[in-house]
Amino acid sequence: MSYLNNTEVDSALTNLSGAYPTLCEVVDLPERSVEGVACRALRLGAAPAGSRDCVVLIGGVHAREWGSCEILVFFAADLLRAYSTHSGLAYGAKKYTAAQVKAMLDAFPRTRWFIDVHSFSEDILYVWGDDQDQSDNPSMNFLNHAFDGVRGDADDARYREFIPGIDFEHETGLARDFQDGLHGVRGRSYTAKSGFDLYPTCGTSDDYAYGRHFVDPSKERILAYTIEWGTEFQPPWNEMENIIKDVDAGLAQFCVKAPSTVAVPTVAA
Ligand SMILES: [Zn+2]
């Protein structure tokens with residue numbers, strides 16, 4: 001076993017949907033990549049599509065970050081196997097019970113959480129990426145043109161991006177859950193911080209996913225993240241196997257705890 005190429009990732013999804021037809025299906029995504037490549041996803045869940053809250057996980061967006069697709073393919077395969085055999089999951093020293101596995105596929109219409117898997121730096125990054133976070137001034141937000149031209153500088157009072165306090169609590173809480181699950185495998189400690197604290201960004205997938213409901217309040221609030229796993233691009237495969245266990249245990253803990261962030265009214269910006 002080693003790193004998977006594009007064709008192998010795609011056939012892994014097909015094989016999983018063939019092996020577990022009642023628990024998952026391959027979905028053709030509506031848009032092609034910028035290079036015209038058709039993209040597919042695997043939907044996991046024991047209930048019909050659209051009937052449950054769900055977590056969207058993506059990986060392999062940046063070409064040299066080999067390993068993110070493997071993390072997600074293995075995670076899907078592990079969950080499907082554990083659910084089908086009514087068993088738990090073990091990643092190193094970190095264990096999940098059969099009941100927790102069952103809850104992940106049963107208990108969750110709707111996208112409520114989003115994670116974009118990248119490498120590297122051993123971080124889980126919550127929103128925002130364009131400036132430091134603040135929860136005191138709702139008018140200081142990315143939609144307000146009065147602040148154009150002053151975003152993106154650290155440690156200044158001119159601009160910080162608004163995140164409602166309850167969302168900040170949920171974002172950081174689930175980031176801690178991810179850290180805890182991952183740490184339980186072999187003791188690796190990932191850092192939880194905002195995307196901006198890694199480096200300033202704009203137009204990232206997680207800022208987009210979380211920002212949608214501010215632009216259009218009819219959209220669901222999505223708690224969004226970027227994971228930066230590992231300490232190098234393309235680690236040797238034997239270390240990649242350890243990283244897959246680390247990150248998948250973190251993702252499992254995230255999914256176990258994610259429902260606790262629902263059923264709280266969204267605070268409008
Ligand atoms: Zn990346």
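A residue is called buried when its relative accessible area is under 20%, exposed when it is over 50%, and partly exposed in between. The exercises below apply this and a few other cut-offs to a predicted model.

**Exercise 1. Is F214 buried or exposed, and what kind of pair do the rings of F142 and F214 form?**

Solution. Begin with accessibility: F214 has a relative accessibility of 11%, and because this value is under 20%, F214 counts as buried. F142, at 28% relative accessibility, counts as partly exposed. Next, take the geometry of the two rings, whose centres are 6.2 Å apart, within the 6.5 Å that a pair requires. Their planes stand at 85 degrees, and since an angle over 60 degrees counts as edge-to-face, the pair of F142 and F214 is edge-to-face. Then place the partners along the chain: F142 sits in the loop between β8 (133-134) and β9 (161-162), while F214 belongs to helix α6 (residues 205-215), so that the pair links distant parts of the chain, 72 residues apart. Finally, look at the surroundings, where F142 and F214 form one aromatic cluster together with W128 and Y210.

**Exercise 2. Which parts of the chain does the pair of Y126 and F168 link, and how is the pair classed?**

Solution. Start from the total, which comes to 12 aromatic pairs in this model. One of them joins Y126 and F168, whose ring centres are 5.8 Å apart and whose planes are at 90 degrees, so this pair is edge-to-face. The pair links distant parts of the chain, with Y126 in strand β7 (residues 123-126) and F168 in helix α4 (residues 165-186), 42 residues apart. As for accessibility, Y126 counts as buried at 11%, whereas F168, at 30%, counts as partly exposed.

**Exercise 3. Which protein atoms are donors of the zinc ion, and why is their arrangement irregular?**

Solution. First list the donors: ND1 of H62, two OE atoms of E65, and ND1 of H118, lying 2.0 to 2.5 Å from the zinc ion. Then examine the angles, which for these 4 donor atoms run from 56 to 142 degrees. A tetrahedral site would need all angles between 85 and 135 degrees, and because the range of 56 to 142 degrees goes beyond those limits, that class does not apply; the arrangement is irregular. As a reference, ideal angles for four tetrahedral donors are 109.5 degrees. To finish, consider two of the residues that supply these donors: H62 is partly exposed, with a relative accessible area of 41%, while E65, at 8%, counts as buried.

**Exercise 4. How do α4 and α7 pack, and how do α2 and α7 pack?**

Solution. Two packed helices are described by the angle between their axes and the distance between the axes. For α4 and helix α7 (residues 237-257), the angle is about 140 degrees and the axes are 7 Å apart. An angle over 145 degrees would count as roughly antiparallel, and α4 and α7 are therefore oblique to each other. The crossing of α4 and α7 is right-handed. Helix α2 (residues 68-84) also packs with α7, at an angle of about 60 degrees and with the axes 9 Å apart. Because roughly perpendicular begins at 65 degrees, α2 and α7 are likewise oblique to each other, and their crossing is right-handed.

**Exercise 5. Where are the cis peptide bonds from S119 to F120 and from V127 to W128, and which residues other than glycine have a positive phi near 50 or about 55 degrees?**

Solution. Take the peptide bonds in order along the chain. S119 and F120 are joined by a cis peptide bond with omega about 0 degrees, and F120 lies in the loop between β6 (110-119) and β7. The bond from V127 to W128 is cis as well, with omega near 5 degrees, and W128 is found in the loop between β7 and β8. Turning to phi, D155 has a positive value of about 55 degrees although it is not a glycine. D155 lies in the loop between β8 and β9 and is exposed, with a relative accessible area of 64%. Q234 has a positive phi near 50 degrees; its place is in the loop between β11 (223-229) and α7, and at 33% relative accessibility Q234 counts as partly exposed.

Key. Residues are numbered from 1 along each chain as its sequence is written. This is a predicted model: local features need pLDDT of at least 70, side-chain atom pairs count only at pLDDT 80 or more; totals for chains, interfaces and linings use all residues. Side-chain values use heavy atoms; hydrogens and water are left out. Rings of Phe, Tyr and Trp (its six-membered ring) pair if their centres lie within 6.5 Å; planes under 30 degrees apart count as stacked, over 60 as edge-to-face and the rest as tilted. Helices (H or I, at least four residues) and strands (E, at least two) are DSSP runs, numbered from the N terminus. Buried means under 20% relative accessible area, exposed over 50%, partly exposed in between (1.4 Å probe, protein chains only). Donors are N, O and S atoms within 2.8 Å of the metal (3.2 Å for Na, K and Ca); water is not among the atoms, so sites may look incomplete. Four donors count as tetrahedral if all angles lie between 85 and 135 degrees; four count as square planar and six as octahedral if opposite donors are over 155 degrees apart and all others between 65 and 115; anything else is irregular. Axes are lines fitted to C-alpha atoms, for helices over the stretch in contact, and angles run from 0 to 180 degrees between N-to-C directions. Angles under 35 degrees count as roughly parallel, over 145 as roughly antiparallel, 65 to 115 as roughly perpendicular and the rest as oblique. A crossing is left-handed if the near helix is turned anticlockwise from the far one by less than a right angle, and right-handed if clockwise.
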